[in-house]
Amino acid sequence: MRDVLKVMIVGVVLVPVAEARDLYVNNLTGDDRASGAAPRVVSEGNGPVRTIQRALRYAEFGDRIVLANTGEPYREQVSVQGARNSGSSQSPFIIEGNGATLDGTARIAADLWQPAGTGLLRYRPPRISFQRLFLNGRPLAAQSIDRKGRLASLAPGQWCMFQQSIHYRPESDVPLNEQDLGVSLHSMGITLYNVRHVVVRNLFIQGFRLDGVNALDNSFDCRLDTLTCRWNGRSGISVGGASRVKVQDCLLEDNGVAQLRTEGWSHVVATDCKFVGTNAWKMDGGRLSVDGKDQERKRTIPINVDSSPLDRP
């Protein structure tokens, strides 16, 4: 019996571990029916996939997903979860951004705007909370309007949220159908849930209604590296539940409530990050260390807005 057990143990030890693979994504030339095994189209069915989410469905433990930086944003929301989207300390599961952009906005068709008074237009977005208005891909600053009579004070190019709708006064000399106006369509850029040893790096994540990255719960030994998370409605990065996340060399810029947010029983270690905007971080629970200094719980830390040139334009 003992000899049988030895054979069984040896058999288990010698079972080969599958080698980590590279899966390629290209939002211009890719095809979600392809294998994702090659960065360029080699033959029918052998080439990059078009979406990150398709690559995640193909992925297995310890794989690397490689995005092509095509100059065109990836317009999707991404969910990284479970053992197949996890790795180990020796072979982490990696999303390599190569400087590409993940964008959560969508253009507002001109015919969706309704008259709302002299020179004013109104649009009701599909989701109300934390919403922003974008012009030519960049957010417009919201104006504080608390009574309908003050809507007339909006200057050309200004907007506010009133009675669950966006009110906007367009530039008078630019036809509405020539203005590239948009809102946040997707809620979160990248969601991490129940994963281990995940690295997300070198990626712009912008324009999502809530968070650029949300480590929702049970995301352990994960690292967010060289990310630019900007123009998201609530935060650039949010870490909650029991997650353990390192945030390294990230630029968190002009996110709505705070640049970095913690909650629950999470533990976040941030090093060499740059915070640009209203509040650097907001703690609704959890532990936070910034550049080696533990931060006080239940505090929102204001920022002196950094007017120096951004590290990543």
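## Exercises: Ala 68, two cores and strand E12

Ala 68 touches Val 25, Asn 26, Tyr 74 and Ala 100, leaving out residues up to four places away in sequence. Contact here means heavy atoms within 4.5 Å. The model is predicted: local features need pLDDT of at least 70, side-chain atom pairs count only at pLDDT 80 or more, and totals for chains, interfaces and linings use all residues. Residues are numbered from 1 along each chain as its sequence is written, and side-chain values use heavy atoms, without hydrogens or water.

**Exercise 1.** Place Ala 68 in the fold and classify its exposure.

*Solution.*
- Step 1: Ala 68 sits in the loop between strand E2 (64-67) and strand E3 (78-81). Strands (E, at least two residues) are DSSP runs, numbered from the N terminus.
- Step 2: Ala 68 counts as partly exposed because its relative accessibility is 24%. The cut-offs are under 20% for buried and over 50% for exposed, with partly exposed in between (1.4 Å probe, protein chains only).
- Step 3: Ala 100 is 32 residues away along the chain, yet the two C-alpha atoms are 6.9 Å apart.

**Exercise 2.** Describe the nonpolar cores.

*Solution.*
- Step 1: A nonpolar core joins buried Ala, Val, Leu, Ile, Met, Phe, Trp, Tyr and Cys residues through side-chain atoms within 4.5 Å.
- Step 2: The largest has 46 residues, and Val 80 and Ile 190 have the most contacts inside it.
- Step 3: Strand E22 (residues 279-290) supplies the largest share of this core, 5 residues.
- Step 4: A second, separate core has 11 residues, including Trp 113 and Trp 159.

**Exercise 3.** Find a partner strand of E12.

*Solution.*
- Step 1: Strands pair if DSSP finds at least two bridges between them.
- Step 2: E5 (residues 105-107) and E12 (residues 181-184) run antiparallel, joined by 3 bridges.
- Step 3: Arg 107 has Gly 182 in E12 as its bridge partner.

Methods. Helix = DSSP H or I, 4+ residues; strand = E, 2+ residues; numbered from the N terminus.
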